[in-house]
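Visitor: Please take me closely through the part of this model that surrounds the ligand, beginning with one residue and working outwards. I would like one connected account.

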Amino acid sequence: MYGGGNVFEATKFDTLQNEDPVKMAEFEARIERGEKIEPNDWMPELYRKQLIRMIEQHAHSEIIGSLPEGTWITRAPGFRRKLAQMAKVQDEVGHAQLLYSAAETLGKSREQMLTDLINGKSKYSNVFNYPAFTWADSNIISWLIDAGAIVNQLANAKGSYGPYCRALDRICAEEAFHLKYGHDAVVHMATGSAKQREMIQAALNRWWTPIMHFFGPPDKMSTHTEILMKWKVKMASNDDMRQQFLDMYVPKIWELGLTLPDPNLKKNAETGKWDYTEPDWEEFKRVINGDGPCNAERLAVRRTAEERGAWVRRALLNPKSKYVKPLA
Ligand code: BYC
């Protein structure tokens, strides 16, 4: 059980029992038929709460996720890499905008979401609490974190909540470019000088555990999967997404002559699934609950951005401001 998950576990059954059974049956039948649920449609309170939790965490992951790669814009090798890195980071922030808008349709204000992020109340992806020491770390993020994100988002874009699915469709289109960009950058280093190969291998070793954690705890430890899959918010379980990622990317990593820091990693011919050493789930819990290598730094940067941007928001909201156009 992790952090805010307790709240949902404790209220899950009570909340559902309070719902109108006729409306509930119709809601579930619509989901079963593959219809999209839209903001003004009836929905059980738990569906609303779960979606806010998940979309909000996703949005936070995009803005916090732009920080480790963002610090590499000025140090990216060469003008073309700088331009591409800047465009990618800008896209990630744009994804946060789309996702905050999708979460707002469920009744939570953007201001409240950002306050909850800064105060450490809301989670965001574990991976962004690790440092990007070198340019190679940034490249591993661009390739493999984006790859993991695409596996997750392509599946969930076929889910039940209209605004989230439409945001994911748009995000996936942009992520496809990020994936190519990240792959190109990693191939460049893996086929470069001995020093470049050493750097990319070291970064891969550092990132392997966070990447394995990225898909969430094993299904048997997951708090929310059951209800989210029943309501087609999550379209595959954490373990299935992890398997899909391993299937698609381990061969590509090995193809580059790189190794992975898990001696047990292999495709099991009998089960057709990947065997691997369970990553340290205690580390995962610590990191997502605020005690990772960079949690404090990431939130401090975000807090400073909020404070420094406050005057812009005040100016825009000032009815006398020349930037505020009266409504027609
Ligand atoms: N990190 O019951 P579970 C990107 C939490 S950004 C942190 O399995 P669920 C990019 C979980 O929240 C893309 N926390 O949860 C951006 C829950 O805690 P609470 C990020 C995690 O929701 C910039 C508890 O553990 N993608 O790619 O069924 C630059 C129990 O877990 C994590 C998304 O956000 C984690 N990795 O499944 C570059 C995708 N995993 O809330 C790249 C949207 C689990 O009870 N989210 N937890 O306190 C999802 O698909 C699902 O929420 C998850 C987890 C699969 C992540």
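**From one lysine outwards**

Guide: Lys123 sits in the loop that joins H5 to H6. The model is predicted, and its mean pLDDT is 94, with 94% of the residues at 70 or more. An exception to that level is the stretch of residues 1-8, where pLDDT stays under 50 and the model has 20 contacts beyond four places in sequence.

Lys123 has a relative accessibility of 17%, so it counts as buried, because the cut-off for that class is under 20%. Only protein chains are taken into account in that class, so the ligand does not enter into the value for Lys123. Along the chain Lys123 is 70 residues from Arg53, yet their C-alpha atoms are separated by 8.7 Å.

The helix before this loop is H5, residues 110-118, in which Met113, Leu114, Asp116, Leu117 and Ile118 are buried. The cover over these buried residues includes H3, H4 and helix H12 (295-317). Just after H5 comes Gly120, with a positive phi of about 80°.

Now to the ligand itself. Of the 40 residues around the ligand, five come nearest: Lys123, Asn152, His224, Lys234 and Asn238. In the case of Lys123, a polar side-chain atom lies 2.6 Å from a ligand oxygen atom. For Ser222, a polar side-chain atom is 2.8 Å from an oxygen atom of the ligand. His224 has an N or O atom in its side chain at 2.6 Å from a ligand oxygen. As for cover, the ligand taken alone exposes 1,000 Å², and the protein buries 97% of that area.

Which elements build the shell around the ligand? Those that give two or more residues are helix H3 (45-70), helix H4 (79-104), helix H6 (135-156), helix H8 (194-214), helix H9 (225-230) and helix H11 (281-288). H3 gives the most, with eight residues. Sorted by class, the shell has 13 nonpolar, 19 polar and eight charged residues.

H3 deserves a closer look through Ser61, which is found in that helix. Ser61 counts as buried because its relative accessibility is 11%, under the 20% limit. A polar atom of the Ser61 side chain lies 2.7 Å from the backbone oxygen of Gln57. Apart from neighbours within four places in sequence, Ser61 is in contact with Tyr124, Ser125 and Phe128.

H6 can be followed in the same manner through Ser142, which has its place in that helix. With a relative accessible area of 0%, Ser142 is buried. The contacts of Ser142, leaving aside neighbours within four places in sequence, are Glu69, Gln85, Lys88, His178, Leu179, Tyr181 and Gly182. Ser142 and Ser125 are 17 residues apart along the chain, and their C-alpha atoms are separated by 15 Å.

Next is helix H7, residues 162-190, where Gly162 is placed. Gly162 counts as buried, at 0% relative accessibility. Beyond four places in sequence, Gly162 touches Lys36, Ile37 and Glu38. Pro39 is 123 residues from Gly162 along the chain, with a C-alpha separation of 8.0 Å. Leu168 is found in H7 as well, and at 0% relative accessibility it counts as buried. Leu168 touches His58, Gln153, Asn156 and Ala157, again not counting residues up to four places away in sequence. The C-alpha atoms of Leu168 and Gly148 are 14 Å apart, for a distance of 20 residues along the chain.

One backbone detail remains, in the loop between H9 and helix H10 (238-255), where Lys232 is found. Most residues other than glycine have a negative phi. Lys232 is not a glycine, but has a positive phi of about 55°. Lys232 is partly exposed, because its relative accessible area is 24%, which lies between the limits of 20% and 50%. Lys123, at 17%, is on the buried side of the lower limit.

Methods. Residues numbered from 1 in each chain as written. Heavy atoms only, no water. Near = heavy atom within 4 Å. Polar contact = N/O pair within 3.5 Å; in protein donor to acceptor, adjacent residues only side chain to side chain. Areas by Shrake-Rupley, 256 points an atom, 1.4 Å probe, with all protein chains shown as cover. Helix = DSSP H or I, 4+ residues; strand = E, 2+ residues; numbered from the N terminus. Nonpolar A, V, L, I, M, F, W, Y, C, P; charged D, E, K, R; others polar. Buried < 20%, exposed > 50% of the residue type's maximum accessible area, 1.4 Å probe, protein only. Contact = heavy atoms within 4.5 Å. pLDDT = per-residue confidence, 0-100.
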